[in-house]
Amino acid sequence: MTTNDTSTPAASTPRRALGTASSLTVSALGLGCMGMSEFYGTGQEADGIATIHRALDLGVSFLDTADMYGPFTNERLVGRAIAGRRDEVVLATKFGNERAEDGTRLGINGRPDYVRTAADASLKRLGVDHIDLYYQHRVDKTVPIEETVGAMAELVTAGKVRHLGLSEASVDTIRRAHAVHPITALQTEYSLFTRHVEDEILPTLRELGIGLVPYSPLGRGILTGAITSPDDLDADDSRRTAYFPRFQGAALEANLALVARVREIAAAHHVTPGQLALAWVLAQGDDVVPIPGTKRVRYLEENVGALGVDLTADDLAAIEAGRAARCGRGGALRRPLLDRRLRKQRSRGDADGGLAHADACDDC
């Protein structure tokens with residue numbers, strides 16, 4: 001492993017291309033903005049804006065938000081942060097998880113008329129005239145994907161959207177969507193903990209020329225080594241709830257065993273556990289662009305340091321061995337419980353949005 005100086009100008013920050021048929025060049029590391037407004041404890045808008053400004057200064061220009069974050073407040077925050085700096089930003093947002101102003105969840109909506117309405121509302125909240133990457137946040141199983149993507153493609157023709165993406169979609173849905181209009185990227189959870197995409201989804205993306213944008217590449221924070229108990233989280237942090245079993249009981253104990261191994265390897269190379277975990281995701285291919293989320297400048301700067309970590313084949317083997325030891329079976333990796341659940345869903349043809357309703361059960 002070698003560690004490179006990351007205090008270089010923004011122009012020197014590495015870039016990667018998402019997609020081939022409809023290619024979008026982005027910073028090799030993005031910034032997930034969700035936690036600035038909701039879910040991971042209380043956030044202060046000023047801190048979020050400062051974090052986005054620092055990201056742009058460092059060349060992390062690929063910003064990710066969604067209309068349902070807040071709801072709606074996160075897009076407004078991002079819009080205020082990028083005012084006057086729009087040309088520096090590759091802006092991604094999402095629709096489909098419909099919520100009311102009071103936060104009530106109204107369900108998944110992929111109807112064409114809603115696609116158009118949601119896009120116009122996002123443009124207004126963000127204060128921009130176009131969205132660089134527009135995702136369907138979750139697949140609406142009541143609406144043929146061809147109809148939803150057809151409406152999204154109309155937004156491209158109208159100049160309101162530049163590129164299209166999906167989130168948490170099955171292989172069949174990805175293929176059908178891509179046949180209507182080139183899909184630039186798929187967003188899904190991917191980290192040392194959550195690797196279901198390696199079975200079928202990632203090979204399909206590479207066959208079709210679609211990039212992968214992993215969210216929660218730090219295992220929702222646990223791979224940083226900073227979380228050893230639910231008590232380390234704010235009282236209003238959703239990760240304390242049963243919705244996130246990786247932070248509970250035996251699952252947490254098993255996951256911390258892997259974190260301990262990551263910590264050992266990281267310490268030997270003078271990097272943080274989080275930087276090592278991010279470097280692992282980055283090493284999975286030049287078509288992979290993780291978007292770790294944070295609302296604090298110091299964590300952003302730590303994450304950016306991962307861009308300077310070059311993992312050798314021996315490093316990757318050591319990380320894999322640590323995961324194998326955690327999962328048992330004589331070194332053979334076992335998938336998390338959620339991954340087995342997803343495989344069952346695929347066999348029934350309803351794998352779309354599998355991660356929308358349950359967190360990865362990371363105990364093997």
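Trainee: In β11, which residue is the bridge partner of L166?

Mentor: The partner of L166 is L186. Please keep in mind that this is a predicted model. A further pairing places S167 opposite Q187 of β11.

Trainee: How do you know that β10 and β11 pair, and in which sense?

Mentor: Two strands count as paired when there are at least two bridges between them. Strand β10 (residues 161-167) and strand β11 (residues 183-189) share 4 bridges, and they pair in the parallel sense. The requirement of at least two bridges is therefore met.

Trainee: What makes β11 and β12 a pair, and over how many bridges?

Mentor: The pairing of β11 and β12 is parallel and runs over 5 bridges, so the threshold of at least two is again satisfied. Within this pairing, Q187 has V213 of β12 as its bridge partner. From β11 the chain crosses through helix α6 (residues 201-208) to β12, in a right-handed β-α-β crossover. A right-handed β-α-β unit is also made by β10, helix α5 (residues 171-180) and β11.

Trainee: In what order do the strands of the open sheet lie?

Mentor: The open sheet has 7 strands with parallel pairing, in the order β4-β5-β6-β9-β10-β11-β12. Its edge strands are β4 (30-32) and β12 (211-215), each of which pairs on one side only. From one strand to the next the twist averages 25°.

Trainee: Why is β11 described as largely enclosed by the rest of the structure?

Mentor: The description rests on burial: 7 of the 7 residues of β11 are buried, so the strand is largely enclosed by the rest of the structure.

Trainee: What makes helix α8 (residues 273-282) largely enclosed?

Mentor: The same kind of argument applies to the helix. In α8, 10 of the 10 residues are buried, so the rest of the structure largely encloses it. Among the buried residues of α8 are P273, L276, W280 and L282.

Trainee: How do you know that E320 and R195 form a salt bridge?

Mentor: The cut-off is a side-chain nitrogen of Lys or Arg within 4 Å of a carboxyl oxygen of Asp or Glu. For E320 and R195 the closest N and O atoms are 3.0 Å apart, so the pair qualifies. E320 lies in helix α10 (residues 313-327) and R195 in the loop between β11 and α6, so the salt bridge ties together parts that are 125 residues apart in sequence.

Trainee: Why is R195 called buried?

Mentor: Its relative accessibility is 5%, and buried means under 20%, so R195 falls in that class. E320, in contrast, is partly exposed, with a relative accessible area of 23%.

Trainee: What makes E207 exposed, and with which residue does E207 form a salt bridge?

Mentor: The relative accessible area of E207 is 53%; exposed requires over 50%, so the label follows. E207 forms its salt bridge with R175, with the closest N and O atoms 2.7 Å apart. This pair links distant parts of the chain, E207 in helix α6 and R175 in helix α5, 32 residues apart. R175 is partly exposed at 35%.

Trainee: How do you know that the side chains of E45 and R80 meet in a salt bridge?

Mentor: The N to O distance is 2.8 Å, and the limit is 4 Å, so the criterion is fulfilled. E45 in helix α1 (residues 45-57) and R80 in helix α2 are 35 residues apart. Both are partly exposed, E45 at 34% and R80 at 46%. In total, the count comes to 18 salt bridges, and a network of them links D57, R85 and E88.

Trainee: Why is the charged end of R298 said to sit over the ring of Y299?

Mentor: The charged end of R298 is 4.6 Å from the centre of the ring of Y299. The distance cut-off is 6 Å, so that part of the test is passed.

Trainee: What makes the phi of S216 and H270 worth reporting?

Mentor: Most residues other than glycine have a negative phi. S216 has a positive phi of about 50°, and that of H270 is about 60°. S216 lies in the loop between β12 and α7 (249-268) and is buried at 14%. H270 lies in the loop between α7 and α8 and is exposed at 75%.

How values were computed:
Residues are numbered from 1 along each chain as its sequence is written. This is a predicted model: local features need pLDDT of at least 70, side-chain atom pairs count only at pLDDT 80 or more; totals for chains, interfaces and linings use all residues. Side-chain values use heavy atoms; hydrogens and water are left out. A charge sits over a ring if NZ of Lys or CZ of Arg is within 6 Å of the ring centre and within 35 degrees of the ring normal. Buried means under 20% relative accessible area, exposed over 50%, partly exposed in between (1.4 Å probe, protein chains only). Axes are lines fitted to C-alpha atoms, for helices over the stretch in contact, and angles run from 0 to 180 degrees between N-to-C directions. A crossover is right-handed if, with the strands pointing away from the viewer, the path from the first strand over the helix to the second runs clockwise.
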